[in-house]
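Here is a short report on a two-chain model. Look at the structure first, then read on.

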Amino acid sequence: MEEVINDYISRELVQDASLLPLGNATSLLETGILDSLSLLRLVVFVQQRFGVAVDDVDLVPEHFDSVDAISAYLRSREGGRAGQVVGHG
Amino acid sequence: MGEGAAKVGLARVGRLLRPVETIAYWLVVAPLLALLPAALAYRAACWRGDWTLRYWPEKRCEVVRNLRQVLGEELGQPETERLARDIFRIRTCEVIDLMRLRGRARSLRDLVEIRGGEHLDGALAGGNGAILCSAHFGSYMCAFSLLHAGGFPVTSIGRWWWNYPPGQSSVVRRLWDLIYARRVLRHRQRPNIEPWPGRVQVAVQAAAALRDNGVVTICSDAPPLDAERTRTIKVPFLGRQASLLPGVVTLARLTGAPVLMAFAHRSADYRHQVLEISPPVPMEGGTAAAFGQCVAAMDAAIRANPAEWDFWFEPDDLVRLGLLPGTSPAPAPDDSAGRTGELPQFSR
């Protein structure tokens, strides 16, 4: 899961090449990678890819501040199911 | 005492009295005027606008200078002076609009003709909601309120300057919540969505409103904050390459919601208005091309009724937009907008 998320963020959301390669613990907010619209893109991506609906109340920095945090959040949402990549695997 | 000294003295008195008069107008005078027949209420508002124009000469000069610098010297002195007078009048009339939102906003609804409502109906029939893209133009917040009062579930994206920075006086915040936000939010489906730096949930909240087949309003002429500069694109706007945020296009593409342009403008009697809603804007092509069409519509609306645009009053905002030369104004401590964001301005 971490690899898929990291790959998506690196390809689609990182605008400053000096931030690559992206570490899984790197803060997406402090580095400016994640803003409002890129978070929406990320949420749409994880919903489609992992089949996890993200509730509005879960839209807090703790859940989306790094690849590790996103993965942990998704796992907590769906238990073991979110660990399985849906779709293109 | 010479004439010059008398003028200086008058200007000093004006500076001292203006904040008091402004608060009195918002808190007492305008609510009372709004109870009068419309013709009388808006005529009185125009008188107050003319009075402000006369006793605030430095702001009048600034507005005239901004108009000529952006719209061009060919505007001519009489036309520029007429526009300046209208700008002061319109700002004052907009306070009356706000006060007439009481109840189900009937007393304002009777004065505003909505054209193109069928486009909004058609857009919502698609089930993905609709984005109404506008500018800080005319009585836009009241116009959105009328749509909500008319049965469209409206949610607005916009910054209310008095909410930030965090150190903002709580008295100021409470005052504007009381006299402005309370009246507007009564006619909204959800709380105002405020895109300040660090509020990463904003677009997802807007997407949620659209997912419920709601109408989300956004003003795409907002001057970018320093934290947003890297995400702006340069687009032709009012004869310059302006720096604007194309978030409306990104939001539309991610949610599938159509974008419609909406502008309200006032008629020559200052009390009647027309709210025009366009058919959906084509979103094909790159972001710049799609957003360029939205900006072209804003440009056309402002050129047709220049006095309706809010930013003539605010040179710092014109600099931020790239319409006036100069360095970007110093950011506020939290890097939020220096002052404005969503109007009203305290000076209205």
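Of the 89 residues of chain A, 29% count as buried. A residue is buried if 20 or more other C-beta atoms lie within 10 Å of its own, exposed if 12 or fewer, and partly exposed in between, with C-beta atoms placed from the backbone. This is a predicted model, in which local features need pLDDT of at least 70 and side-chain atom pairs count only at pLDDT 80 or more, while totals for chains, interfaces and linings use all residues. Residues are numbered from 1 along each chain as its sequence is written, and chains are lettered from A and ligands numbered from 1 in the order in which they are written.

**Chain A**

Chain A has 4 helices and 0 strands. Its pattern along the sequence is α-α-α-α. Helices (H or I, at least four residues) and strands (E, at least two) are DSSP runs, numbered from the N terminus. Two residues are in contact if their C-beta atoms, placed from the backbone, lie within 7 Å. Among contacts in chain A between residues at least 6 apart in sequence, 61% join residues at least 24 apart.

One peptide bond deserves a look. Leu20(A) and Pro21(A) are joined by a cis peptide bond, with omega about -5 degrees. Pro21(A) sits in the loop between α1 (2-13) and α2 (36-50) of chain A.

**Where the chains meet**

Contacts link 15 residues of chain B with 13 residues of chain A. On the chain B side, α9 (202-211) and α10 (247-255) each supply at least two residues. The most comes from α9(B), with 6 residues. By type, this side of chain B has 9 nonpolar, 4 polar and 2 charged residues. Here Ala, Val, Leu, Ile, Met, Phe, Trp, Tyr, Cys and Pro count as nonpolar, Asp, Glu, Lys and Arg as charged, and the others, Gly among them, as polar.

**The sheet of chain B**

Chain B holds an open sheet of 6 strands, in the order β1-β8-β7-β2-β4-β3, with mixed pairing. Two strands pair if DSSP finds at least two bridges between them. At the edges stand β1 (112-115) and β3 (154-157) of chain B; each has a single partner strand, so one side of each is left without a neighbour in the sheet. From one strand to the next, the twist averages 25 degrees.

How is β2(B) placed, buried or exposed? It is mostly covered: 5 of its 5 residues are buried. Ala130(B), Leu132(B) and Ser134(B) lie on one side of β2(B), with Ile131(B) and Cys133(B) on the other. β2(B) pairs with β7(B) in the parallel sense over 3 bridges. It also pairs with β4(B), again in the parallel sense, over 5 bridges. Ile131(B) stands opposite Val259(B) in β7(B) and opposite Val216(B) in β4(B). Cys133(B) has Met261(B) as its bridge partner in β7(B).

**Helices of chain B**

Helix α11 (residues 287-304) of chain B has 18 residues, which at 1.5 Å a residue should span 26 Å; its end C-alpha atoms are 26 Å apart, which agrees. The expected span is 1.5 Å times one less than the number of residues. Buried residues of α11(B) include Phe291(B), Val295(B), Met298(B) and Ile302(B). Among the elements covering them are β2 (130-134), β5 (233-237) and α10 of chain B.

Helix α4 (residues 77-99) of chain B contains Ile87(B). Ile87(B) is buried, with 25 other C-beta atoms within 10 Å. Not counting residues up to four places away in sequence, Ile87(B) touches Val63(B), Ala307(B) and Trp312(B). Its C-alpha atom is 8.0 Å from that of Trp309(B), although 222 residues separate the two along the chain.

Thr80(B) is also found in α4 of chain B. Thr80(B) is partly exposed, with 19 other C-beta atoms within 10 Å. Beyond its neighbours within four places in sequence, Thr80(B) contacts Val64(B), Leu67(B), Arg68(B) and Leu75(B).

**Positive phi in chain B**

Most residues other than glycine have a negative phi, and most peptide bonds are trans. Two residues of chain B that are not glycine have a positive phi.

| Residue | Phi | Loop | C-beta neighbours inside 10 Å |
|---|---|---|---|
| Ala105(B) | about 65 degrees | between α4 and α5 (106-109) of chain B | 21, buried |
| Tyr270(B) | about 70 degrees | between β7 and β8 of chain B | 21, buried |

Conventions. Axes are lines fitted to C-alpha atoms, for helices over the stretch in contact, and angles run from 0 to 180 degrees between N-to-C directions.
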